[in-house]
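I opened this model to look up how its chains meet. My notes follow, in the order in which I checked things.

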Amino acid sequence: MTKRHIVLQTDFGISDGAVSAMYGVAISVDPSLRIFDLTHDIPQYDIWEASYRLYQTISYWPEETVFVSVVDPGVGTDRRSIVVKTAENQYIVTPDNGTLTHIQSEIGIVAARVIDESVNRLPKSGESYTFHGRDVYAYTAARLAAGIITFEEIGAEVSLDSVIQLAKMEPVVNEGGVTGNIDILDIRFGNLWTNIDRSLFKQLDANHGDSFEVTIQNDVRQVYKNIMTYGRSFADSRRGEPLLFVNSLDKLGVAINQGSFAQAYHIETGYKWKISIRKLLENSYTQ
Amino acid sequence: MTKRHIVLQTDFGISDGAVSAMYGVAISVDPSLRIFDLTHDIPQYDIWEASYRLYQTISYWPEETVFVSVVDPGVGTDRRSIVVKTAENQYIVTPDNGTLTHIQSEIGIVAARVIDESVNRLPKSGESYTFHGRDVYAYTAARLAAGIITFEEIGAEVSLDSVIQLAKMEPVVNEGGVTGNIDILDIRFGNLWTNIDRSLFKQLDANHGDSFEVTIQNDVRQVYKNIMTYGRSFADSRRGEPLLFVNSLDKLGVAINQGSFAQAYHIETGYKWKISIRKLLENSYTQ
Amino acid sequence: MTKRHIVLQTDFGISDGAVSAMYGVAISVDPSLRIFDLTHDIPQYDIWEASYRLYQTISYWPEETVFVSVVDPGVGTDRRSIVVKTAENQYIVTPDNGTLTHIQSEIGIVAARVIDESVNRLPKSGESYTFHGRDVYAYTAARLAAGIITFEEIGAEVSLDSVIQLAKMEPVVNEGGVTGNIDILDIRFGNLWTNIDRSLFKQLDANHGDSFEVTIQNDVRQVYKNIMTYGRSFADSRRGEPLLFVNSLDKLGVAINQGSFAQAYHIETGYKWKISIRKLLENSYTQ
């Protein structure tokens, strides 16, 4: 069997030896394994962001790739450790805590197994019970990737219904507008990424160059309200101007050309952060 | 010979081209070499932390792995550059400045050689004398890992006694308690890692669920004093509660569940930072 | 053909999935490709720093290496995407926006081709028009590195004269001194790196131990003026003392031993930041 690749995601950061120890465990299982990073900068305990980053990235990796995601506020509780197989024939090793929310709804999961730690646990990991990422997840992923164990040998099958899902809003079209959530930030550039698909947005009869009224609320508090243009790209706006655009996941985004929208208006993410976009009628703001 | 893996640690950060140049030099020595990172975020010139991170990680990598650690405040002085072989049959290439403190005491060094820079130095590195990490350490590690030179060809053997050690306290048990140092932080999560082994702590007749009085001092100044529980895992405490736990190195740690203990109480690390842990007698705090 | 290595540089950071998606696309093109990082911490839109980091690093990688640099403030405009072949037989895939400034002047470019996106674009990248780094640059680099396309199959040849260059000052020797620019920082350590070559500096009859008057100006405003020694290495100065030294690129640098010169005096980089260095006559400051 060709070796599968491993891709790691954690909230451990890369400033100490934690991630390197995970690499070492995997390399010790099979020195020829190839290991890559998704990111290790998931904000601590932020399961939603872990779920989103998996979804954002996974389709660009080959079939059979084994992903490991360790964002695990419930480590030490009886939360399950599972491995799932996706509809696109990839594997994800993770605590069962909602990390698979976007994968389940956007890509699909076809099978799930709970990790049997009596066999799938680094042998020399004795009494130390705090580092599941190294001793269980990296170890199990490496053995699966190397073909030492099959998916079936992970442990007992569990029902797909039982895999934990975080609450997730669906965007809605209403009275000439669309309302959704701010799902996540394009961190480095400060752009907002919404959960509004391009296809939904198109129902507003949106064309490049059209103007829209964009309202952002944090729960019931209005945080931003202004007019902006739907641009084909950032280049369609002047430096410092806000714009609507379709992002690399085919969803609607909000940006300031060469600035940080999130920082400028203190925008955060999650289901309390709502965005409404309403198309302006011709001349509605000019009289 | 199978190629050995290389694992790099520095205080260079990854924001400029320094680490990438080290990779390039190693890959140029042998394009098939596999190179990994321990971390490049060691605080500048912090030899103690470099020593600790090596110790924290090294056992999880295969035998024969060649580690490079470049935290080198004395670059340009006559500090030696050495390569050591550990008791677990791994190699470490480093300035001889205390970086091997924990390796020597916790794992053991069986042989040490000084790098003969007249042969073990990147040929085209001429007058530039500031980048030993690239021109000497990465280059020598790559040639050793690729089997181009043997350990003996590094240079003259040096006595193990002469390898520089940082001062290091040993924890002590006294009058119903144990006193040690705060060695290092679990940076991202803000947990304290002490130098108190689980086995030593157990001498206090410590069982999960027991309460302990924890006192932290910076030199003679008391910084923290409170009661906390010894938990099997973070899940045994409520969110925001402090707890004692055994960390992934089998040593005693102090944490706030889902918070940062270090940040909350401005705790730092080093031999001036002492921690005392005293078991509470039954009912000693209830009357 | 032996596979070429790929080295990636961006201003994307590594906190979300963007870089990982680029890796995934390349690995999907050819699972055996080896991919490395230069840095992903180029300040957003800072083409000058992207250009400098390429120059700083490229010579330490083997011939035939394929570099990708994506710092692209003009994404979505009609700026060209190009691949160049350097005089040292390496490739660089990049938007044509000045990223090749230092490569062109310091190393040389022997051929340039514009990427024909009608063939060199990730097939499944449909309407998403914002992620050229993933869909065009990583994809094209991977196909070139894997030997799936030749350099000629990138697209039409373009004249070397047409490759965009940023304005770049040349240092000058005058009245017993030399004046140049502060090109870049050694970020982590806060050292200044100038564009003054060691050979030019030597025209001042500079020897280790000599004293120099160093003046730094931001445009017309004087920011720093003081005497410092030209040291063989940091070890030649006391902790906290400033010094002149020759850096790893054989250019003059300014540092504070174990401190950050840039932070201490709020020094930044670019063509407005000028540095003048004048040799002190014997006893000129002692009377």
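**Chain A against chain B**

I started with buried area: chain A and chain B bury about 2,800 Å² between them, with 53% of it on carbon and sulfur atoms. I kept in mind that this is a predicted model.

Next I looked up contacts. On this interface, 38 residues of chain A are in contact with 34 residues of chain B.

How many salt bridges are there between chain A and chain B? I found one salt bridge. Asp41(A) is paired with Arg188(B), and the closest N and O atoms are 3.5 Å apart. For polar contacts across the interface of chain A and chain B, I noted 14 residue pairs, both residues at pLDDT 80 or more.

Then I asked which elements of chain A give two or more residues to the side that touches chain B. They are helix H1 (18-29) and helix H4 (132-146) of chain A. H1(A) gives the most, with eight residues. I also sorted this side of chain A by class: 17 residues are nonpolar, 13 are polar and eight are charged.

**Chain A against chain C**

I turned to the other neighbour. Here 34 residues of chain A are in contact with 38 residues of chain C. Chain A and chain C bury about 2,800 Å² between them, 53% of it on carbon and sulfur atoms.

Which three residues supply the most area that chain A buries against chain C? I noted Tyr60(A), Arg188(A) and Phe189(A), which supply 27% of that area, more than any other three residues.

I found one salt bridge across the interface of chain A and chain C. Arg188(A) forms it with Asp41(C), the closest N and O atoms being 3.5 Å apart. I logged 14 residue pairs in polar contact across this interface, both at pLDDT 80 or more.

The elements of chain A that give two or more residues to the side touching chain C are strand E2 (35-39), helix H2 (47-58) and strand E13 (242-246). By class, I noted 13 nonpolar, 11 polar and 10 charged residues on that side of chain A.

**Symmetry**

I then superposed copies. A turn of 120° with a shift of 0.0 Å along the axis lays chain A on chain C, with an RMSD of 0.0 Å. That is the relation of a three-fold axis. Of the residues of chain A, Arg34(A) comes closest to the rotation axis, its C-alpha at 5.5 Å.

My last check was on shared surfaces. Only 9% of the interface residues of chain A are also interface residues in chain C, so the copies meet through different surfaces.

How values were computed: Residues numbered from 1 in each chain as written. Chains lettered and ligands numbered in written order. Predicted model: local features only at pLDDT ≥ 70, side-chain atom pairs only at ≥ 80, totals over all residues. Heavy atoms only, no water. Contact = heavy atoms within 4.5 Å. Buried area = accessible area lost by both parts, 1.4 Å probe. Salt bridge = Lys/Arg side-chain N within 4 Å of Asp/Glu carboxyl O. Polar contact = N/O pair within 3.5 Å; in protein donor to acceptor, adjacent residues only side chain to side chain. Helix = DSSP H or I, 4+ residues; strand = E, 2+ residues; numbered from the N terminus. Nonpolar A, V, L, I, M, F, W, Y, C, P; charged D, E, K, R; others polar. Least-squares fit on C-alpha atoms with pLDDT ≥ 70 in both.
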